[in-house]
Amino acid sequence: MEAGIVGLPNVGKSTLFNALTQSQSAQSENYPFCTIEPNEGIVNVPDERLDRICKYIPPQKVIPAALKLVDIAGIVKGASDGEGLGNKFLSHIRQVDAIVQVVRCFEDPDVIHVSGNVDPLADIDTIETELVLADLQTLENAISKAERSARSGDKEAKLRLVAIEKCNAHLESEQPLRTLQLAEAEAKAIHSFGLMTAKPILYVANVDENDLDGKDPLVDKVREHADKVGANVVCVSAKLEAELAELDEADREEMLADVGLEAPALSTIAQGAYKTLGLQSYFTAGEKEVRAWTIPLEATAPQAAGVIHTDFEKGFIRCEVYTLEDLEAFGNEKEIRQAGKLRVEGKDYIVQDGDICHFLHKI
Ligand code: GDP
């Protein structure tokens with residue numbers, strides 16, 4: 001899962017990105033397929049359920065789920081025309097699964113705001129406009145090719161053309177594509193374009209550290225807007241996170257308690273990103289390793305197994321499942337089995353958030 005952090009200059013993107021990647025940097029050897037560029041970081045997704053499992057099944061190694069964050073600099077007004085870093089940022093955004101937009105809600109006379117005053121809705125609008133324009137350009141480039149192929153009888157191209165036209169009309173009315181309902185086949189036909197306004201978005205309201213209770217009227221405005229466009233909002237203070245990232249674990253806990261926070265921003269953002277992307281976690285637990293795996297809501301047991309290894313999906317036989325509550329009630333797998341609580345599920349089973357699974361598969 002990859003999330004791209006965007007925002008206007010001086011809203012606190014880099015401060016937040018550095019704080020997140022510094023404090024919770026994941027061990028990259030656990031994720032061998034990820035190449036990491038300088039503006040990227042892999043962070044562990046904090047999950048208190050892992051600690052609860054480890055109490056009963058102490059493993060040699062604990063591997064949380066991971067989230068790849070990409071700091072995408074360069075969106076300013078006119079970016080889609082090549083202003084600022086211009087089109088460079090576009091290729092980055094095309095690759096991510098979700099967009100995390102940092103919006104400035106903090107007041108600080110020492111930090112210049114690019115357009116003069118703190119106005120999160122205007123900031124959201126500026127970025128959205130650039131992304132809408134960029135998507136229109138992408139479609140403009142694609143349309144003549146699709147037209148040619150459609151004329152020569154290519155069925156898929158005809159479908160693509162219909163989808164392109166629907167998207168074009170929507171974008172021209174200045175609406176992001178995430179608010180357009182396309183048929184599944186249509187969405188698939190244009191998936192490879194990486195249209196940016198179709199990607200789920202999470203707004204991170206960067207507030208003053210005294211406003212973390214979420215009652216800041218500026219945050220309310222962001223929430224209102226998010227509700228309209230089907231997005232989620234989380235509230236963080238990048239400045240406070242930067243301070244927290246400098247501390248060791250014990251001091252960090254103390255400071256969190258002092259400011260009345262339960263968890264650092266990473267948890268809040270990771271949870272927001274999961275929600276935005278329709279994701280959940282299941283676990284595998286053994287003496288060697290207790291590990292969280294990320295799957296889409298509604299994933300079947302074979303699909304969940306496929307996240308561990310594609311062969312597990314192809315060769316799926318069945319899955320043994322129990323819940324964390326079962327583990328806490330009975331203490332170990334043997335007792336869970338004896339109590340008849342260890343379920344055996346087949347290929348149609350829809351894996352539930354927090355399930356502890358063991359897959360049986362053909363080799
Ligand atoms: P970017 O351009 O969006 O990456 O912004 P930066 O992270 O570089 O931040 C720009 C300036 O704003 C820096 O001087 C930060 O220290 C400051 N800043 C970032 N977040 C906050 C915040 O939550 N409160 C205050 N007061 N200043 C912040």
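Strand β7 has two faces: Asn232, Val234 and Val236 point one way, while Val233 and Cys235 point the other way, and all of them are buried. In this predicted model, 5 of the 5 residues of β7 are buried, so the strand is largely enclosed by the rest of the structure. On its paired side, β7 runs parallel to β6, with 5 bridges between the two strands. Within that pairing, Asn232 of β7 stands opposite Leu202.

The sheet to which β7 belongs is open and has 6 strands, in the order β2-β4-β1-β5-β6-β7, with mixed pairing. Its edges are β2 (40-44) and β7 (232-236), each of which pairs on one side only. From one strand to the next the twist averages 25°. Helix α4, residues 120-151, packs on this sheet and touches β1 (2-6), β5 and β6. The direction of α4 makes about 145° with that of β5.

Further in from the β7 edge, β5 (residues 98-104) and β6 (residues 201-206) are also paired in the parallel sense, over 6 bridges. One position in this pairing is Val103, whose bridge partner in β6 is Ala205.

A separate set of pairings involves strand β10, residues 316-322. This strand pairs with β12 (residues 356-361) in the antiparallel sense over 6 bridges, and Phe316 has His361 in β12 as its bridge partner. β10 also pairs with β11 (residues 343-345), again in the antiparallel sense, here over 3 bridges. In that pairing Glu320 stands opposite Val344 of β11.

The next topic is the ligand. It is surrounded by 15 residues, of which the closest are Gly12, Lys13, Ser14, Thr15 and Lys239. Two elements, α1 (13-23) and α8 (238-245), give two or more residues to this shell. The largest share, 3 residues, comes from α1. By residue class, the shell divides into 7 polar, 5 nonpolar and 3 charged residues.

Helix α2, residues 48-56, contains Asp51. This residue has 11 C-beta neighbours inside 10 Å and therefore counts as exposed, the limit for that class being 12 or fewer. From Asp51 to Ser152 the separation is 101 residues in sequence, and the C-alpha to C-alpha distance is 59 Å.

The remaining values describe the chain as a whole. It has 14 helices and 12 strands. The C-alpha trace spans about 65 × 60 × 35 Å along its principal axes. For 363 residues, a compact globule would have a radius of gyration near 21 Å, and the chain's 23 Å agrees with this. Of the 363 residues, 37% are buried. Among contacts with a separation of 6 or more, 68% are between residues 24 or more positions apart.

Technical notes
Residues numbered from 1 in each chain as written. Predicted model: local features only at pLDDT ≥ 70, side-chain atom pairs only at ≥ 80, totals over all residues. Pairing = 2+ DSSP bridges. Helix = DSSP H or I, 4+ residues; strand = E, 2+ residues; numbered from the N terminus. Axes fitted to C-alpha atoms, helices over the stretch in contact; angles between N-to-C directions. Contact = placed C-beta atoms within 7 Å. Near = placed C-beta within 6 Å. Nonpolar A, V, L, I, M, F, W, Y, C, P; charged D, E, K, R; others polar. Rg over C-alpha atoms; globule rule 2.2 N^0.38 Å. Buried ≥ 20, exposed ≤ 12 C-beta atoms within 10 Å, placed from the backbone.
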